[in-house]
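Hi,

Here is the structure I promised to pass on. Have a look at it first, and my notes follow underneath.

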Amino acid sequence: MSTLLDILLRLTLWILLAPLLPGIINQVKAWVAGRRGPPVLQLYYDLSRLWRKSVVMSTLASPGFVAGPAVAWVALVGAAILLPIGPFGGGLSFKGDVILLVYLLAVARFCTTWAAMETGSAFEGMGAAREVSYAVLTEAALITAILALSVESGSVALDRMLALSAGTGAVLLAAGLFAVLLAENCRVPFDDPNTHLELTMIHEVMVLDHSGPPLAVILHGAALKLLLFAVLLSEAVLPMGRMSPLAATAALVGAVGAVTIGVGLVESLLARFAFRRVPLLLTIAFLLCLFALLLAWKGGPA
Amino acid sequence: MGVPVSPVITAGTLLFIAGAGLLLAMVSGRAAPRLWLMGIAVGTGAALAAAVGVLAGWADWDWRSGFEIGGEQLHFRLDAISALFLALLGVVGGLGAVYAQEYWAEERHPRSARAGRLGWAVLVAAIGLVLVSANGLHFLIAWEAFTVASYFLITLDRQRRDVRAAGWLYLGASHVATLCLFAFFAILAVRTGSWELGSMQEQEELAPLFWLALAAFGLKAGMFPLHIWLPSAHANAPSHVSAMLSGVSIKLGIYGLVRFSGWLPVPAAAGWVIALLGVISAVLGVAFALGQHDLKRLLAYHSVENIGIILIGIGFALLAVAQGQAAWGRIALAGGLLHVWNHGLFKSLLFLGAGSVVHAAGTREMSRLGGLWTRMPWTAGLFALGAAAISGLPPLNGFVSEWLVYLGLFDAVESRGTAALAAAFAAVMLAATGALALACFIKVCGVVFLGTPRSAGAVRALEAGQRMRVPMIVLALGCVAIGLAPVLVWPALARAAAAWNPAWGSLGMPPALGALGRIHAAVAILAAVAAAWLWARTRRAGLRRGLTWDCGYAGPTARMQYTAGSFAGTLTEWFAWILRPQRHELRAVATFPERAGFEEHTPEVVLEHVIQPAGGVVLQVANTARRIHHGRVQAYLLYLVAGVVGLGLLVLLGARP
């Protein structure tokens, strides 16, 4: 019973906090540009409005067009539940849960791209093709990062892997995971969440045809994924297990905030890369994770 | 091992019933389809029951008869390893027969339907015999029967030139494998003094024989670069035969490797080689799949990929044996063995689904399909499930076996032994393979089932009938069941692993497997609830249908959809160094260009760039050597004299020491 309650609490926390991050990013961007910007809670308003709106669906779309976003959202929530929250540990920790997390993200990708292919539009096909292609490199980088953490901690369970810091390779791992975060969440320099030119995007172009409640679910899922990656990155770098619960909570909140602000700054200061250069950048992210793995290999507890 | 439940029903009696059923099917196959189906059902059902019994803890079945074939006593044995593969044969063999009743029916294929039924019964019986033979000679006979029966099934539609070419290539490649097996069993029989098979771990000098077995069984399993026969055979065979080929036949290669690496000593390098071949097969198999535009050829290349994943598991198990690291070796082996089942289930499902598409739309070309979900919702849904399973997505069965392989690899990395860095490399490659497979199946599903139809055939497509749908549903349920309750299959895997290497002892279940199953069930239920809820919410909020948004363009056509080639374009470009795509481009030049075009084709690289040139050289040498056959008797007498003198010298020189 207490496990169920624990999971419900985590669920509420993740679901409620996730839409905050895009708001903070937009605030940072507005601040750098010298604008006033939308309120931090803008996404909450958007979601509640979209939830009440009616839906226009392509004549070609099957029920999978609506089921896709729903299943993707469940997969992302599942992945978030698996992730330990600082001093409170994991909700469902078991050996190998980290692999399940990676593959739950893949489930979300399968469903999102499936829904994109429903409409028979070339634009959405392009977005889906880019999403699944770049994912090959991000997934390889992510697994390499996980290997580094696993070598460092001598464990394949998330709560032990993330309790320690990433050791000597922490800086490399942080840089690699930050690039993976940007790519997986379709932020600049991989993608531009602001443009509405259908040709230039990955994520936005896949959801062109979605509207109303399904779009709300997609946007919330995207926010959740961003929060998930920010927490993962923070916990991989910070030695959570060595701090007092209060300090760890504060450190986690601070780190997630710092990552979010970092995303905002990158978005303000960099332009989106040409698509040709995206694989190059992702390969660099992979190499960073690889060197972190090698450092962990050399220096970890033998 | 436990005892049989009752003295009457044992694995042995069930297998005799299975044999009788298959015999009935062989006799009645030509004239009486119903009787044939009954025979197959009894045969595969009884074989499945026997296999499940042995996997659930019945005593192994070991039976000798006084009856001799080729001077050797018949000797059959069913242990957990054989049973694992026999169970798969029982499932796919039975379901494929039901499917064939409608798919390859008398009305549509009057010439070959009868031969198809006969061939199916022979094939199932031959594969069963391969799995239970405990005598090298009989293994070879059964193996050859299985190869030839497959050939006749692949070429059922032999009016078509492609089919004949594919069958020919299959027959050639299979006989290279058989030749290696001949050498393998003959040397084994000479060294041990008997054709009897069994554990010979103590005879260290037999280890080099492993390389012969690897060549033979690797060819059969279709591991890269020995996969040359596989794509065309799978693509051109009738779909129920493709399902059997991919689901069961190529697994016999795996069976051979597992069987003989368990019975015979292996060289020190065996584990490294198999693991490396596994990684190469996995990554390049899926890369080639991405380059295909023929639906069934694409699925065939995914078989290469999945065989790679299985080989990674087996390779690391062998490494673990060599290094005395039971802990992670057992998990890797269990993952590889479970993937045998899983791939058998979801790949058969996918091939049967592809068969329904071909049956309905009359083409395998993905660029002529599209929008089939409105016309074939069952096939589309079941194919989608198979696609998710083969992409290794939770909560389905593909993820369970890949998860076990990952666990083995991660534990190997943490053990920091000599295999650790190799395990890290394999894990990263496995992750990339998973992402590539996902890309490939989104491409397939999107292009074939979603969007609008690209040809008249796709417009006219009709849903498959009951007898084609039911086998697919059963296979899909199998995929879901293993995904949601992996704990249930664990005892079977543990017994097979124990039979492979008794020294490891019984294999305790990783406690995380139960947790994984529970989370899978929770995710499945929540996903269903969420989808239903969102659908209801959408309906309540008001649902209108409109044209697809195409940047404001109001007249989208089927030709404006993203194609399979464009979808995979980025990825195939990364692999262009090995795929060597051939591009034909007709650029639009003038201000008002009249025509423009683009065509891309991925060749069979190993076949066209390695095997064919090598074959050309052999033919050239043979042609040159043929000149000495000119028909002049005097010269032939000279050859004779020279030959005799040469032999005499050889004897003289050889006799001196």
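Let me start with an acid in chain B: D157(B) is buried, as its relative accessible area is 18% (buried means under 20% relative accessible area, exposed over 50%, partly exposed in between, with a 1.4 Å probe and protein chains only). Its side chain meets that of R160(B) in a salt bridge, 3.1 Å from N to O; by salt bridge I mean a side-chain nitrogen of Lys or Arg within 4 Å of a carboxyl oxygen of Asp or Glu. R160(B) is partly exposed, at 34%.

Before going on, the ground rules: this is a predicted model, where local features need pLDDT of at least 70, side-chain atom pairs count only at pLDDT 80 or more, and totals for chains, interfaces and linings use all residues. Residues are numbered from 1 along each chain as its sequence is written, chains are lettered from A and ligands numbered from 1 in the order in which they are written, and side-chain values use heavy atoms, with hydrogens and water left out.

Back to the salt bridges. Over all chains the structure holds 18 of them. Another one in chain B joins the side chains of R77(B) and D62(B), at 3.1 Å from N to O. R77(B) sits in strand β2 (residues 72-78) and D62(B) in strand β1 (residues 61-69) of chain B, so this pair ties together parts that are 15 residues apart in sequence. (Helices, H or I with at least four residues, and strands, E with at least two, are DSSP runs numbered from the N terminus.) R77(B) counts as buried at 19%, while D62(B) is partly exposed at 44%.

In chain A, R10(A) pairs with D6(A), with the closest N and O atoms 3.2 Å apart. Both are in helix α1 (residues 2-17) of chain A, four residues apart, or about one turn of the helix. R10(A) is buried at 5%, and D6(A) is partly exposed at 28%. There is also a network of salt bridges linking R109(A), E139(A), E184(A) and K225(A).

Now for the interface. How many residues does each chain put into the contact? Chain A gives 78 and chain B gives 73, with contact meaning heavy atoms within 4.5 Å. Together the two chains bury about 6,500 Å², 75% of it on carbon and sulfur atoms; buried area is the accessible area (1.4 Å probe) that two parts lose on being put together, summed over both. On the chain A side, Y103(A), F110(A) and W297(A) lose the most area to chain B, together 12% of what that side buries.

Between the chains I count one salt bridge, and 19 residue pairs in polar contact, both residues at pLDDT 80 or more. (A polar contact is a pair of N or O atoms within 3.5 Å; within protein, one must be able to donate a hydrogen and the other to accept it, and residues adjacent in sequence count only if both atoms are side-chain atoms.) The largest share of the side of chain A that touches chain B, 21 residues, comes from α6(A).

One residue of that helix to click on is S133(A). S133(A) counts as buried at 1% relative accessibility, and touches T570(B), L571(B) and W574(B), leaving aside residues up to four places away in sequence.

The salt bridge across the interface is between the side chains of K95(A) and D411(B), at 2.7 Å from N to O.

Cheers
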